[in-house]
Amino acid sequence: MDAECYDLVIIGAGPAGMAAAIEACSHGLRVAVLDEQASPGGQIYRNVLHTDAQRAAILGPDYMAGQALVDAFLASPAHYIAEAAVWQVSAEKAVHFLNKGEAKVIQGRALLLATGAYERPTPIPGWTLPGVMTAGAGQILLKSAALLPNGPVVLAGCGPLLYLLAVQYLQAGIRPAAVVDTSGYSDLLRGAAHLPGILRGWRDLGKGLDLLGTLRRLQIPHYRAARDLYIEGESQARALCFTRNGHLHRVPATLILLHQGVVPNTQISSALRLDHDWDKAQHCWTARRNRWGETSLAGVFIAGDGSRIGGALAAQQQGRLAALAIARQTDSIEPQQWTERERDCRKRLARHLALRPLLDSLYPPSPQCRAPNDDVIICRCEEVRAKDIRAMVALGCLGPNQTKAFSRCGMGPCQGRMCGLSVTELIASERRVTPEHVGYYRIRPPLKPITLAQLASETPHTHRLEAP
């Protein structure tokens, strides 16, 4: 039996994917949404449907605002497939996925990648020790299981998530030992050049200032312009050490949460061989798209943080724009209605992205993390260190794909997610060329683990499609 062909298949049920599904369904398109999580919301609204009042008070109104979007999505006619791990996507828009242990394939006439972002790795000495996690992982534990630190905790790196999580911990009764910020005063001066955006994005700026004000009012130690971070410990993290203004600081902690911002998840777009560019502002790869989110492969769109980091509210409008473009391509929307909705989306999107240039200037990833010291592990899966990458370059290695032949770097379970950007920048630094010249790993399926038995028993996904 052949799988039904949907007008639109969406990968990811975060803000972009849900908003796109709602918009597309409103124009009569048949939509299927595949999501790896057990319930919709993405990372930003993770578990919002099952959050109790106490956790809602801790996580704040911006998090709970996602409940209305999730409710609207679940009320739409979109066919939602939870716990679907996509392991391959073809240029013909066939999506292969695992669901409840079974391999399935679903077909779309158009495809929207709304896979969001993941945290940029923070390779510093000691980052592989027990007791060291990302700030995003700490927030996931809070959202999904109400888990809180039971000992001294330090948040280190850069980006608004550090301040948000620190305040959320305070609201939960946990007092962080310190917030250690790698962004410096020169970043503040560079950010001042974006005054027009600051004025247009004053609402979002006010939220950030409120977070900083809370930390200051409650006298949480906040160190700016921290350099040379390393984690002290042997079998367990014991302290975060760093220099600031030429002085060495040591903050004891049994839990250290690292964060250097987030980057687009380009695994599927890379596997599809879509055109990508190096984003000099955000120091990462982004898939090349037109103003509707359509990529170099006709009929394949990307929206949300999977295209470029912009936040949840911007992601919703990008998802709507992609759905409008698909509706227009299929003659499913009247010209006047299309014009009105497109204008509304553009206006909202501009407002939500107004502050982004400022944030990119204020919170650049630390040079120490982009090109770590020799003894720092870069590839955690295969335990490849920075000095190994430098030695490969000295032997003639020109790019990330060649490192696989030298050392299996990037060939572990994460398939380069944890090391890819660091390897690109490290090679570029050693060769004294730009990251564009170095390139990225050649991503191949399976994108997620699949057994031979599952592969051999793959069947088309079938679902009764109701007439629009």
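1. Tyr230 and Cys241 are a good place to start: in strand S13, Cys241 is the bridge partner of Tyr230. The model is a predicted one, and this applies to every point below. Tyr230 belongs to the pairing of strand S12 (residues 227–233) with S13, which is antiparallel and runs over five bridges. The two strands are joined by a hairpin, and three residues make the connection from S12 to S13.

2. S13 also pairs with S14. These two strands run antiparallel and are joined by six bridges. One position to look up is Thr243, which stands opposite Leu248 in S14. Together the strands form an open sheet of three, in the order S12-S13-S14, with antiparallel pairing. S12 and S14 are the edge strands, each pairing on one side only. Averaged over this sheet and ignoring direction, neighbouring strands are turned by 20° against each other. As a reminder for reading such a sheet, side chains in a regular strand alternate between its two faces.

3. Asn245 sits in the loop between strand S13 (237–244) and strand S14 (247–252). Its phi is positive, about 55°, although Asn245 is not a glycine. Is Asn245 buried or exposed? Asn245 counts as exposed because its relative accessibility is 58%, and the cut-off for exposed is over 50%.

4. Asn47 makes a useful companion to that residue. Asn47 has a phi near 60°, again a positive value in a residue other than glycine. Asn47 is placed in the loop between S2 and H2. With a relative accessible area of 13%, Asn47 is buried; the term covers values under 20%. So one asparagine with positive phi is buried, while Asn245 is exposed.

5. Gln43 is found in the loop between strand S2 (31–34) and helix H2 (53–59). A relative accessible area of 42% makes Gln43 partly exposed. Which residues does Gln43 touch, leaving aside its neighbours within four places in sequence? The contacts are with Gln37, Ile140 and Lys143. The pair Gln43 and Lys143 shows how the fold brings together distant parts of the chain: they are 100 residues apart in sequence, and their C-alpha atoms are 9.4 Å apart in space.

6. A second open sheet has five strands in the order S8-S15-S9-S10-S11, with parallel pairing. Its edge strands are strand S8 (132–134) and strand S11 (222–223), each of which pairs on one side only. Within this sheet, strand S9 (residues 153–158) and strand S10 (residues 178–181) run parallel and are joined by four bridges. Val154 stands opposite Ala178 in S10.

7. Two helices that pack on this five-stranded sheet can be described by what they touch. Helix H5 (residues 135–145) touches S8 and strand S15 (255–260), and the direction of H5 makes about 80° with that of S8. Helix H6 (residues 160–171) touches S9, S10, S11 and S15, and the direction of H6 makes about 160° with that of S9.

8. Two packed helices are described by the angle between their axes and the distance between the axes. For helix H1 (residues 15–26) and helix H11 (residues 312–329), the axes come within 7 Å and cross at roughly 35°. The crossing is right-handed. On the H1 side the contact is made by Pro15, Ala16, Ala19, Ala20, Glu23 and Ala24, and on the H11 side by Ala312, Ala315, Gln316, Gly319, Arg320, Ala323 and Leu324. By type, the residues of this contact are nine nonpolar, two polar and two charged.

9. How many disulfides does a search of the whole structure find? The count is zero. Cys25 is in no disulfide, and the nearest cysteine sulfur, that of Cys5, is 15 Å away. Cys25 is buried, at a relative accessible area of 12%. Cys241, met in the opening point, is in no disulfide either; the nearest cysteine sulfur belongs to Cys369 and is 15 Å away. Cys241 counts as buried because its relative accessibility is 2%.

10. A last item to check is the peptide bond joining Pro445 and Pro446, which is cis, with omega about 5°. Pro446 is placed in the loop between helix H18 (435–438) and helix H19 (452–456).

Key:
Residues are numbered from 1 along each chain as its sequence is written. This is a predicted model: local features need pLDDT of at least 70, side-chain atom pairs count only at pLDDT 80 or more; totals for chains, interfaces and linings use all residues. Side-chain values use heavy atoms; hydrogens and water are left out. Two strands pair if DSSP finds at least two bridges between them. Contact means heavy atoms within 4.5 Å. Axes are lines fitted to C-alpha atoms, for helices over the stretch in contact, and angles run from 0 to 180 degrees between N-to-C directions. A crossing is left-handed if the near helix is turned anticlockwise from the far one by less than a right angle, and right-handed if clockwise. Ala, Val, Leu, Ile, Met, Phe, Trp, Tyr, Cys and Pro count as nonpolar, Asp, Glu, Lys and Arg as charged, and the others, Gly among them, as polar. Buried means under 20% relative accessible area, exposed over 50%, partly exposed in between (1.4 Å probe, protein chains only). A disulfide is a pair of cysteine sulfur atoms within 2.5 Å.
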